[in-house]
Amino acid sequence: MNETSPTPASQLAPVSHAELEEYIIDALRNVYDPEIPVNIYDLGLIYDIEIADDYKVHVVMTLTSPGCPVAQTFPDTVAAHVKSVPGVADCTVEVTWDPPWSQERLSETARLQLGLF
């Protein structure tokens, strides 16, 4: 009898792309901007999350400024967090400056954390 090894949990696909996106957002809420004590999702740095049929994820994000000290390493940090989500096959991160980040992108939660109400 030919037995196959079980599929690793990291390769199991959730029920839907919508569910996987929620898991990805949860993972991104564990990544914090090094200069502002708010996670990058509520900070509004994540512009788009695309999930392909093969469960490869593409994240489009920005940084608070082009001179951000972690500009070179931060995309790898984001990709690592997304790849840690069960069901994600792979992740690429694209950094864009269009549109530029502004405080208007802050979530209500971030505004509360920063005392901007």
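What pattern does the chain follow when read along the sequence? In this predicted model, the order of elements is α-β-β-α-β-α. That amounts to three helices and three strands, and the paragraphs below take the strands, the helices that pack on them and the charged pairs in turn.

Some overall values set the scene. The chain has 117 residues, and 36% of them are buried. Its accessible surface is about 6900 Å², with carbon and sulfur atoms contributing 50% of that area. Among contacts with a separation of 6 or more, 64% are between residues 24 or more positions apart.

The strands form an open sheet in the order β1-β2-β3, and the pairing is mixed. Strands β1 and β3 are at the edges; each has a single partner strand, so one side of each has no neighbour in the sheet. From one strand to the next, the twist averages 15 degrees.

It is pleasant to follow the pairing strand by strand. Strand β1 covers residues 46-51 and strand β2 covers residues 56-61; the two run antiparallel and are joined by five bridges. Isoleucine 46 has methionine 61 of β2 as its bridge partner, while isoleucine 49 is matched with valine 59 of β2. Between the two strands of this hairpin there are four residues, and tyrosine 55 adopts a positive phi near 65 degrees in the hairpin.

On the β3 side, the sense of the pairing is parallel: β2 and β3, the latter spanning residues 90-95, share six bridges. Here histidine 58 is the bridge partner of threonine 92 in β3, and valine 60 is that of glutamate 94 in β3. As a reminder for viewing such positions, side chains in a regular strand alternate between the two faces of the sheet.

How is the β-α-β unit made of β2, helix α2 and β3 handed? The unit is right-handed, and its helix α2 takes in residues 74-83. Helix α2 lies across β2 and β3, and its direction is at about 150 degrees to that of β3. Helix α1, residues 17-28, also packs on the sheet, where it touches β1 and β2. The direction of α1 makes about 140 degrees with that of β1.

Which charged side chains pair up? The structure contains three salt bridges. One of them links aspartate 42 with arginine 29, and the closest N and O atoms of this pair are 3.3 Å apart. Both residues belong to the loop between α1 and β1, so the salt bridge ties together parts that are 13 residues apart in sequence. The two partners are placed in contrasting surroundings: aspartate 42 is buried, at 6% relative accessible area, whereas arginine 29 is partly exposed, at 32%. Aspartate 42 counts as buried because its value of 6% falls under the 20% cut-off.

Another salt bridge involves lysine 56 and aspartate 54, whose closest N and O atoms are 3.9 Å apart. Lysine 56 is partly exposed, with 45% relative accessibility, and aspartate 54 is likewise partly exposed, at 44%. Lysine 56 falls within the span of β2, residues 56-61.

The remaining pair joins aspartate 90 to lysine 83, with a distance of 3.6 Å between the closest N and O atoms. Aspartate 90 is within the span of β3, residues 90-95, and lysine 83 is within that of α2, residues 74-83. The relative accessible area is 32% for aspartate 90, which is partly exposed; lysine 83 is partly exposed as well, at 41%.

Taken together, the predicted model shows an open sheet of three strands with mixed pairing, helix α1 packed on β1 and β2 and helix α2 lying across β2 and β3.

Notes:
Residues numbered from 1 in each chain as written. Predicted model: local features only at pLDDT ≥ 70, side-chain atom pairs only at ≥ 80, totals over all residues. Heavy atoms only, no water. Buried < 20%, exposed > 50% of the residue type's maximum accessible area, 1.4 Å probe, protein only. Contact = heavy atoms within 4.5 Å. Areas by Shrake-Rupley, 256 points an atom, 1.4 Å probe, with all protein chains shown as cover. Pairing = 2+ DSSP bridges. Right-handed = clockwise from strand over helix to strand, strands pointing away. Axes fitted to C-alpha atoms, helices over the stretch in contact; angles between N-to-C directions. Salt bridge = Lys/Arg side-chain N within 4 Å of Asp/Glu carboxyl O.
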